[in-house]
Number of protein chains: 2
Amino acid sequence: METEAPLSTREAIMAAATNTVMTEGYNALSFRDLAADVGIKSASVHHHFPTKGDLAEAIVGRFGEDFTKRMEPLLDLPFEEALDGYIGLFRSAFVDSNRMCLGGMMSAEVSALPEPARAQLKGFVEAHKDFVRAVLLKKHKRMASEKLEGRVFAIFAAMEGAQLIARGLGGDAAVFDGIVESYKASGLLA
Amino acid sequence: METEAPLSTREAIMAAATNTVMTEGYNALSFRDLAADVGIKSASVHHHFPTKGDLAEAIVGRFGEDFTKRMEPLLDLPFEEALDGYIGLFRSAFVDSNRMCLGGMMSAEVSALPEPARAQLKGFVEAHKDFVRAVLLKKHKRMASEKLEGRVFAIFAAMEGAQLIARGLGGDAAVFDGIVESYKASGLLA
DNA sequence: ACCTGAACACCGTTCAAGT
DNA sequence: ACCTGAACACCGTTCAAGT
């Protein structure tokens, strides 16, 4: 049984930054606000992350790792449950205080990111594709590889789009659920 | 035959702001850069748009009108061509200098928008739904209304997601085309 | 190693002042 | 009606200085 571990300053900065980016976006993230959240001065944040771009790189990478940890156990489940679990990860982000997937948010703001952060973003997308591919193969064992790759990419993009639009309209879970239901009914999520 | 009409200062501000938001995002938009683009001082921009939120409201509204003007003629075409025309509107945005739909970008940055701008954003989404519904009814004349509404929303969200992800990965049109192809093959866009 | 105050050129916004 | 310079509290970043 773990007690809540005290976060290192570096970890606390990353946690606060991730939360702000998911709710307000990368360009709305301020080193001074971040420092206030953590209890240090803004100049001190630069000791841990020399530039804002370095911080972006770190939190996208970490977010990918955390997402992967939540996806992996779903691979033990059968197709339908694994897919619903994946959907639930997107759903919970904005049902829980109107947050958006960090990867989706960073994709919108990609012009502000330095190259290393963009590379982490590509890695994030690849991790999702690896997971979705593994889930699809549970059911579609003989799908042609080109078709499978297209479907994998399409499912990820569609989930990001559902979250983007549902959250943009005010975070109504029913909107998200309705879109996902139609993805299933049309055959995209099936 | 129209010659290029000289833009009023107000129109020039809106045009420059729209372009910046589509490429870099609303939070990256600066009144001082905007003023420099138009050839006035930043304090003068406030004469036309008292706050940045007022400008946001104006450009989302205008963007919706412009998008509707490009969608309307597509309604004279048969199902397949109308759908491809709609897809082309999303495709051209980022093929042409890696821009993102203003509505999708504003959805990601919705936390920075005042209520009137959010209302315009909802109107933008409704205009898209009206168009997509009309297109779907060309082919699916007897689809149950609840199912139709879900499909309409799903198609719009999926298009925004395809654009978000394809652009986030660097603006490769092949990524966008592959996702759309899979939307069609799976039955979502059909 | 980790933190800080002070400075720099930026930002949105306000306002009194010009034409 | 339209524009402006100057001021305000903000921003990311740098740096010399502290412990």
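Visitor: Which residues does Ser182(A) touch, not counting residues up to four places away in sequence?

Guide: Happy to start there, with the reminder that this is a predicted model. Ser182(A) sits in helix H9, residues 173–186 of chain A. Leaving out residues up to four places away in sequence, Ser182(A) touches Gly150(B), Arg151(B) and Ala154(B).

Visitor: Is Ser182(A) buried or exposed?

Guide: The cut-off for buried is under 20% relative accessible area. Ser182(A) has 6% relative accessibility, so the residue counts as buried.

Visitor: How many residues of each chain take part in the contact between chain B and chain A, and what is the area buried between them?

Guide: Chain B brings 37 residues to the contact and chain A brings 37 residues. The size of an interface is often given as the accessible area lost when the parts come together. Carbon and sulfur atoms give 69% of the area buried between chain B and chain A, which is about 3,000 Å².

Visitor: Which residues in chain B lose the most area to chain A?

Guide: For the pair of chains, the buried area is about 3,000 Å². On the chain B side, 17% of what is buried comes from the three residues that lose the most area, namely Leu164(B), Ile165(B) and Leu169(B).

Visitor: Let's turn to the DNA. Which element gives the most to the surface near DNA strand C?

Guide: DNA strand C is surrounded by 18 residues, and the closest are Lys41(A), His48(A), Ser30(B), Phe31(B) and Arg32(B). Sugar and phosphate make up 51% of the strand's atoms that come within 4 Å of the protein. At least two residues each are supplied by helix H3 (42–48) of chain A and by helix H2 (31–38) and helix H3 (42–48) of chain B. With four residues, the element that gives the most is H3(A).

Visitor: Which side chain has an N or O atom 2.6 Å from a base nitrogen of DNA strand C?

Guide: Two side chains can be set aside, as they are paired with phosphate oxygens of DNA strand C: Ser44(A), with a polar atom at 3.0 Å, and Ser30(B), with an N or O atom at 2.8 Å. The base nitrogen has its 2.6 Å partner in the side chain of Arg32(B).

Visitor: How do the residues of the surface near DNA strand C divide by class?

Guide: The surface is built from 18 residues around DNA strand C. By class, the residues are five nonpolar, eight polar and five charged.

Visitor: And for DNA strand D, which residue places a backbone N or O atom 2.8 Å from a phosphate oxygen?

Guide: Here too 18 residues surround the strand, the closest being Ser30(A), Phe31(A), Arg32(A), Lys41(B) and His48(B). The side chain of Ser30(A) has an N or O atom 2.8 Å from a phosphate oxygen, while the side chain of Arg32(A) has one 2.7 Å from a base nitrogen. The backbone atom, 2.8 Å from a phosphate oxygen of DNA strand D, belongs to Lys52(A).

Visitor: Which element gives the most to the surface near DNA strand D?

Guide: By class, that surface divides into five nonpolar, eight polar and five charged residues. The element that gives the most, with four residues, is H3(B).

Visitor: What distance separates the end C-alpha atoms of helix H7 of chain B, and what should the helix span?

Guide: Helix H7 of chain B covers residues 115–139, and its 25 residues at 1.5 Å a residue should span 36 Å. That agrees with the distance between its end C-alpha atoms, 37 Å.

Visitor: Which helices do the buried residues of H7(B) pack against?

Guide: The buried residues include Leu121(B), Phe124(B), His128(B), Phe131(B) and Leu136(B). Their partners come from both chains: helix H8 (145–168) of chain A, and from chain B helix H4 (52–71), H5, H6 and helix H8 (145–168).

Visitor: Is Val38(B) buried, partly exposed or exposed?

Guide: Val38(B) lies in helix H2 of chain B. Beyond its neighbours within four places in sequence, Val38(B) is in contact with Thr9(B), Ala12(B), Ile13(B) and Ala16(B). Its relative accessible area is 23%, so Val38(B) is partly exposed.

Visitor: One last stop: what is the phi of Asn98(B)?

Guide: Asn98(B) is in the loop between helix H5 (79–95) and helix H6 (102–108) of chain B, and at 27% relative accessibility the residue counts as partly exposed. Asn98(B) is not a glycine, yet its phi is positive, near 50°.

How values were computed:
Residues numbered from 1 in each chain as written. Chains lettered and ligands numbered in written order. Predicted model: local features only at pLDDT ≥ 70, side-chain atom pairs only at ≥ 80, totals over all residues. Heavy atoms only, no water. Buried < 20%, exposed > 50% of the residue type's maximum accessible area, 1.4 Å probe, protein only. Near = heavy atom within 4 Å. Polar contact = N/O pair within 3.5 Å; in protein donor to acceptor, adjacent residues only side chain to side chain. Nonpolar A, V, L, I, M, F, W, Y, C, P; charged D, E, K, R; others polar. Expected span 1.5 Å × (residues − 1). Contact = heavy atoms within 4.5 Å. Buried area = accessible area lost by both parts, 1.4 Å probe.
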